[in-house]
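Work through these three exercises on helix packing. Try each task before reading its solution.

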Amino acid sequence: MLIDTHAHLDFPEFSGDLASTLSRARENGVVNIISIGIDIQSSRRAAELAALHPEIYATVGVHPHGARELDGLLLSDLEGLAARERVVAVGEIGLDYYRDRQPRAVQRKCLEQQLELACAAGMPAVFHIRDAFDDFFKVVEGFLSSLKVGVLHCFSGDWGVAKVCLDMGFYLSIPGTVTYPKATAQQEVARLAPMDRILLETDCPYLAPMPYRGKVNEPAYILYTARKIAELRGCSLEEIGERTTANVCAVFGIAPENRWKNVSQ
Ligand SMILES: [Zn+2]
Ligand SMILES: [Zn+2]
């Protein structure tokens, strides 16, 4: 039993034959997929996909690459979407100083405003942070007492940064890049992080794990990521599946005994 906590199912790569993508995921033991919004359109589509498919849940948010778009009107649209059934978090939100597509001050403001939304809605936040952990910690510190919980998606920091995130109560989501031979820092994090704070994700259509590196990624391939983490930690694939699924339930309120319903609604 595996859950892909970060997929972009509304992207054009999946528009042709989503049914086959979902059935391949099911064949590989993927019981739920969380489709992530990056702007208002994709957030709306993610919420619609979640309403249509029992295995899909959604998040809504504006990615740091689109930070400039966020104004009062868009924020209230997001708030409306966040209240829909089967929308389980605000995200992906954050800071990306690696691509640096928007002024950093604008990115920080966009993050703050959406953190306020997550806190007000009592929802978890899904963070996208690249080369920006120092500023992220400064921004998020003010929200720690009111934020329900947070997930560092596609966690890219080393073990030192991971420890700070864990101390703040956050979960670390491990993508398929952990299977790449040179990903030693990410492998160290996947090996050392407490079992009750790890999530799995594909970030599909990006970042396909070995042996599909360079190809279009999809939720079914999360099996390879789970296998790699089991190997790194010296435990069984079943244990990785059980524990990470329980973690998803703890973070997003998706009930393990009745996974088609969101108990937090
Ligand atoms: Zn991201
Ligand atoms: Zn993403």
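**Exercise 1.** Which elements do the buried residues of α2 pack against? The model is predicted.

Solution. Start with the burial list. I40, S42, S43, A46, A47, L49 and A50 are the buried residues of α2. Next, find their partners. These buried residues pack against three strands, β2 (30–36), β3 (56–60) and β4 (87–96), and against helix α3. Finally, check the length of α2. The helix has 13 residues, 40–52, so at 1.5 Å a residue it should span 18 Å. Its end C-alpha atoms lie 19 Å apart, which agrees.

**Exercise 2.** Describe how α3 packs with α4.

Solution. Two packed helices are described by the angle between their axes and the distance between the axes. Take the angle: α3 (residues 72–82) and α4 (residues 104–121) pack at about 35°. Take the distance: their axes are 11 Å apart. Add the hand: the crossing is right-handed. Now name the contact. α3 supplies L75, L78, E79 and A82, while α4 supplies Q113, L117 and A121. Sort these residues by type: five are nonpolar, one is polar and one is charged.

**Exercise 3.** Are α7 and α8 roughly parallel or roughly perpendicular to each other?

Solution. Begin with the axes. Those of α7 (residues 184–192) and α8 (residues 222–233) cross at roughly 70° and come within 9 Å. Apply the cut-off: 65 to 115 degrees counts as roughly perpendicular. The two helices, α7 and α8, are therefore roughly perpendicular. Then list the contact. Q187, A190 and R191 of α7 meet I229, L232 and R233 of α8. By type, the contact has three nonpolar residues, one polar and two charged.

Technical notes:
Residues numbered from 1 in each chain as written. Chains lettered and ligands numbered in written order. Predicted model: local features only at pLDDT ≥ 70, side-chain atom pairs only at ≥ 80, totals over all residues. Axes fitted to C-alpha atoms, helices over the stretch in contact; angles between N-to-C directions. Helix = DSSP H or I, 4+ residues; strand = E, 2+ residues; numbered from the N terminus. Left-handed = near helix turned anticlockwise from the far one by under 90°. Contact = placed C-beta atoms within 7 Å. Nonpolar A, V, L, I, M, F, W, Y, C, P; charged D, E, K, R; others polar. Parallel < 35°, antiparallel > 145°, perpendicular 65-115°, else oblique. Expected span 1.5 Å × (residues − 1). Buried ≥ 20, exposed ≤ 12 C-beta atoms within 10 Å, placed from the backbone.
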